[in-house]
Amino acid sequence: MKNSTSLKVVLLIALSCFMFNMKASAQSATSSNKAQLAANQILKRTSVCIYEGQKWEIVGKIYTDNLAKAIQHQQYACKLYAAGDYANAIIQSHRARLIVMDVIRANKGNVNPLYQFTENENKWLQNAPDDQTLDAASQKNSTMVSMKDSDYATGGIADIVPGE
């Protein structure tokens, strides 16, 4: 009888540990899925903003080389996204969007309110490094041939949308 009770206690403890581990694993997977979804949405919004910046440079013809810099950050964000590093992809894409909004303003354009950062986007930026660190990382990982805006004014923008 005593062995039976001990066995039940051991089985109950083992079952509890198993259930706890399953719950923790499910929460981790859900957290990863949320990060991937958020990164996907953020990167896509930034890519639209970059195309808008390109249009404003065509119209305004003010080349600050910030469009190229934004493209560089966004391309790096897409690489990070493809590698499953969603949090850093979001941070690099955020940097790209800030830069391209300056491109739009420099060319006398108005930044579409849809490009402003949402409360959800800002949650992912709590531990973001400073701009210099982000710039250095995107430059180090860049495969861009040119950093001149004029080379991107009429096309040549690639790899700025996740999964494409």
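Trainee: In this predicted model, is Thr 64 buried, partly exposed or exposed?

Mentor: Thr 64 sits in the loop between helix 1 and helix 2. Its relative accessible area is 36%, and the intermediate class lies between the limits of 20% and 50%. Thr 64 is therefore partly exposed.

Trainee: Which residues does Thr 64 touch, leaving aside those up to four places away in sequence?

Mentor: Thr 64 and Asp 102 are 38 residues apart in sequence, and their C-alpha atoms are 9.4 Å apart in space. Asp 102 falls within the range of helix 3, residues 86-106. The residues that Thr 64 touches are Glu 57, Val 103, Ala 106 and Asp 149.

Trainee: What is the phi of Lys 61, and what is its relative accessibility?

Mentor: Lys 61 also belongs to the loop between helix 1 and helix 2. Most residues other than glycine have a negative phi. Lys 61 has a positive value, near 55 degrees. Lys 61 counts as exposed, because its relative accessibility is 57%.

Trainee: Where is Asp 65 placed, and what is its phi?

Mentor: Asp 65 lies in the loop between helix 1 and helix 2. At a relative accessibility of 33%, Asp 65 counts as partly exposed. The phi of Asp 65 is positive, in a residue other than glycine, with a value near 70 degrees.

Trainee: How many helices and strands does the protein chain have?

Mentor: Read along the sequence, the chain follows the pattern α-α-α-α-α. The secondary structure of the chain comes to 5 helices and 0 strands.

Trainee: What percentage of contacts between residues at least 6 apart in sequence join residues at least 24 apart?

Mentor: The protein chain has 164 residues, of which 37% count as buried. Among its contacts between residues at least 6 apart in sequence, the share that joins residues at least 24 apart is 81%.

Trainee: Which element has the lowest mean pLDDT, and which has the highest?

Mentor: For the protein chain, the mean pLDDT is 82, and 80% of the residues reach 70 or more. Among the elements, the lowest mean, 69, belongs to helix 1 (residues 2-60), and the highest, 96, belongs to helix 3.

Trainee: Over which residues is the pLDDT below 50?

Mentor: Where pLDDT is low, the predicted coordinates should not be read in detail. The stretch in question has 0 contacts in the model beyond near neighbours in sequence. The pLDDT is below 50 over residues 6-29.

Trainee: Why are helix 3 and helix 5 described as roughly perpendicular, and which residues meet?

Mentor: The axes of helix 3 (residues 86-106) and helix 5 (residues 131-140) come within 11 Å and cross at roughly 100 degrees. The class of roughly perpendicular covers 65 to 115 degrees, and the two helices are therefore placed in it. The contact residues divide into 3 nonpolar, 2 polar and 3 charged. Those that meet are Ile 91, Gln 92 and Arg 95 in helix 3 and Asp 131, Leu 134, Asp 135, Ala 137 and Ser 138 in helix 5.

Trainee: At what angle do helix 2 and helix 5 pack, and which residues make the contact?

Mentor: The axes of helix 2 (residues 66-82) and helix 5 are 9 Å apart, and the packing angle is about 75 degrees. Helix 2 and helix 5 are therefore roughly perpendicular to each other. Their contact residues divide into 3 nonpolar, 4 polar and 2 charged. The contact is made by Lys 69, Gln 72, His 73 and Tyr 76 of helix 2 with Leu 134, Asp 135, Ala 137, Ser 138 and Gln 139 of helix 5.

Trainee: Which residues does His 94 touch, not counting residues up to four places away in sequence?

Mentor: His 94 is found in helix 3. With a relative accessible area of 19%, His 94 is buried, since the cut-off is under 20%. The residues that His 94 touches are Phe 117 and Leu 125.

Trainee: How many aromatic pairs does the whole structure hold, and how are the rings of Tyr 81 and Tyr 86 arranged?

Mentor: A search of the whole structure finds 1 aromatic pair. The ring centres of Tyr 81 and Tyr 86 are 5.3 Å apart and the ring planes stand at 65 degrees. Tyr 81 is buried at 12% relative accessibility, and Tyr 86 is buried at 16%. Planes over 60 degrees apart count as edge-to-face, so the arrangement of this pair is edge-to-face.

Key:
Residues numbered from 1 in each chain as written. Predicted model: local features only at pLDDT ≥ 70, side-chain atom pairs only at ≥ 80, totals over all residues. Heavy atoms only, no water. Phe/Tyr/Trp six-rings, centres within 6.5 Å; stacked < 30°, edge-to-face > 60°. Buried < 20%, exposed > 50% of the residue type's maximum accessible area, 1.4 Å probe, protein only. Axes fitted to C-alpha atoms, helices over the stretch in contact; angles between N-to-C directions. Helix = DSSP H or I, 4+ residues; strand = E, 2+ residues; numbered from the N terminus. Parallel < 35°, antiparallel > 145°, perpendicular 65-115°, else oblique. Contact = heavy atoms within 4.5 Å. Nonpolar A, V, L, I, M, F, W, Y, C, P; charged D, E, K, R; others polar. pLDDT = per-residue confidence, 0-100.
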